[in-house]
Amino acid sequence: MKTVGIIVEYNPLHNGHVLHYKKSKAIAQAERTVAVMSGNFLQRGEPALAGKRARTEMALSMGADLVIELPAAYAIQPAEWFAYGAVSLLHATGVVDSLCFGSESGTLRELTPLAALLSAEDSPFREELHRQMSLGHSYPAAYAAAAGAAQGSSPAEAAEITSLLGKPNNTLGLHYLMALRRLNSPIQAYTIPREAAQYHDLLPAGPTIASATSIRRIIREQGLEAAAPYMPRYTLDILRRETALGRGPVDWEAFKQPLFLLLQTLSTRGLSRMLEVSEGLEHRIKRLLPLLPQPSVEELISALKTKRYTRTKLQRMLLHILLQHSKEELSPERLAHGPGYIRVLGFSSRGQELLKAMKKSAALPVIMQASDLEHPQLELDVQASAAYAGAYPDPHTSWMYEDYLMPPLRL
């Protein structure tokens, strides 16, 4: 039986995700699905609306057979390392035949040759990337422009590539393809177009389809029930339960007290050691803190944001400060080694069959709980889980240490 891999966050799982899941199985002609899912903190530098166990339950309720966790070391990263970590896990299972991702283009026609070209990241590309950065562009914009210059044989073609990579899912897809090449993986890549709602859309695209961004906005401004049309019933029920238990919805402001304590007590030198604190941002933070009208994460991000520093960059930086992720422990040299384990979050009966097969095929240790292995990346996952649960209004100790206390979900 064929198995397709998908890379997800499900923040929260909505009707568009269900379409992607079904179409991924269809295009790959797969009977089984392995989902690599971010933990409690996400790629764009945000805490998840609900914890990873709740979102794993959503994925299994939808039909996913095996859910494995993308370590925090890769989940809270720019597209290159996020993609490399996730694809490395799918490759390491030894049971995944294909990878299907959503993209704005809906085709691999432009992305495949671009991935082949950029995998090397030769000197001319790096020089153009640095030149674009020196013009004050954000890293994503600079990368897109440098890629356009590298691939385009004419100004029109270069502009077309730059426009292609100006869309977040195309960029992620490019890095998935590059990761497959770096790993020399036999996994076959497919892409399907995003339907109706795009990632950044703030308003629903129809009566039943809305982006996760739009759904989170609706929940924040109008309440959970107002978002019901855009989610499967099981997602709504799980979110209702988590809300009733005091485990969500979680947003950045739940972390303002520990974050501001660190920002105020760490020295500029201490801040400069944290991942993504670059180009003197530690001084900018210290200068702006006393000027904020109130100690709000939103106020701080708004004050820090410039053309150069995107909201996503700043959110990731603040998360790394909150979680005490240093540049040394998450250096490119260390990240290049890939994840050190496959952490199982949940599985179905067919997922159990995959796990049995992985005992022979997996290139990494397969673990069920944090106590199964000692690894620096796993320590970061445990710390992230404790920090996330600590932001609940009335946290239980068992929630903070569920990585040790709770086995994987089985549906």
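**Figure 1. Helices H15 and H16 pack against each other in this predicted model.** Let's start with helix H16 (residues 311-323), which packs on H15 with an angle of about 125° between the two. Their axes lie 10 Å apart. At that angle H15 and H16 are therefore oblique to each other, and their crossing is right-handed. Helix H15 itself spans residues 297-304, and Ser302 has its place there. Ser302 is partly exposed, because its relative accessible area is 46%. If you look from Ser302 towards Ala363, 61 residues apart along the chain, the two C-alpha atoms are separated by 44 Å.

**Figure 2. Gln324 sits in the loop that joins H16 to helix H17.** Helix H17 covers residues 332-335. Gln324 is worth a look for its backbone: its phi is positive, about 60°, although the residue is not a glycine. With a relative accessible area of 35%, Gln324 is partly exposed.

**Figure 3. Helix H9 packs with helix H4 and also with helix H5.** Two packed helices are described by the angle between their axes and the distance between the axes. For helix H4 (residues 79-93) and helix H9 (residues 168-182), the angle is about 50° and the axes are 8 Å apart. That makes H4 oblique to H9. Now turn to helix H5 (residues 111-118): its axis comes within 9 Å of that of H9, and the two cross at roughly 55°. H5 and H9 are therefore oblique to each other. As for handedness, H4 passes H9 in a right-handed crossing, and H5 passes H9 in a right-handed crossing too.

**Figure 4. Glu69 and Lys52 meet through their side chains in a salt bridge.** Side chains of opposite charge can pair when their charged atoms come close. Here the N to O distance is 3.1 Å. This salt bridge links distant parts of the chain, with the two residues 17 apart: Glu69 belongs to strand S3 (residues 66-70), while Lys52 belongs to helix H2 (residues 52-62). Are these two residues buried or exposed? Both Glu69 and Lys52 are buried. The pair also has company, since a network of salt bridges links Lys52, Glu69, Arg343 and Asp403. In the structure as a whole there are 20 salt bridges.

**Figure 5. Glu242 forms a salt bridge with Arg241 and another with Arg247.** The side chains of Arg241 and Glu242 come together at 3.0 Å, N to O. For Arg247 and Glu242 the N to O distance is 2.8 Å. How do the three residues stand in terms of burial? Glu242 counts as buried, because its relative accessibility is 5%. Arg247 is buried as well, with a relative accessible area of 17%. Arg241, at 32% relative accessibility, counts as partly exposed.

**Figure 6. Two peptide bonds leading into prolines are cis: Asn11 to Pro12 and Gly248 to Pro249.** For the bond from Asn11 to Pro12, omega is near -5°. You will find Pro12 in the loop between strand S1 (3-8) and helix H1 (15-28). For the bond joining Gly248 and Pro249, omega is about -5°. Pro249 lies in the loop that runs between helix H11 (233-244) and helix H12 (256-265).

**Figure 7. Gln29 has a positive phi in the loop that follows H1.** That loop lies between H1 and strand S2 (32-38). The phi of Gln29 is near 50°, a positive value in a residue other than glycine. Is Gln29 buried or exposed? Gln29 counts as exposed, because its relative accessibility is 56%, and exposed residues are those over 50%.

**Figure 8. Four residues form a nonpolar patch on the surface.** The members are Tyr401, Tyr404, Leu405 and Met406, and together they have about 390 Å² of accessible area. Zoom in on one of them, Leu405, and you are in helix H21, which covers residues 402-405. Leu405 is exposed, because its relative accessible area is 51%.

Definitions and conventions. Residues are numbered from 1 along each chain as its sequence is written. This is a predicted model: local features need pLDDT of at least 70, side-chain atom pairs count only at pLDDT 80 or more; totals for chains, interfaces and linings use all residues. Side-chain values use heavy atoms; hydrogens and water are left out. Patches are made of residues with over 30% relative accessible area and no salt bridge: like charges are joined within 9 Å, nonpolar side chains (Val, Leu, Ile, Met, Phe, Trp, Tyr) within 5 Å. Accessible areas come from the Shrake-Rupley method with a 1.4 Å probe; for residues, only the protein chains shown count as cover. Helices (H or I, at least four residues) and strands (E, at least two) are DSSP runs, numbered from the N terminus. Buried means under 20% relative accessible area, exposed over 50%, partly exposed in between (1.4 Å probe, protein chains only). Axes are lines fitted to C-alpha atoms, for helices over the stretch in contact, and angles run from 0 to 180 degrees between N-to-C directions. Angles under 35 degrees count as roughly parallel, over 145 as roughly antiparallel, 65 to 115 as roughly perpendicular and the rest as oblique. A crossing is left-handed if the near helix is turned anticlockwise from the far one by less than a right angle, and right-handed if clockwise.
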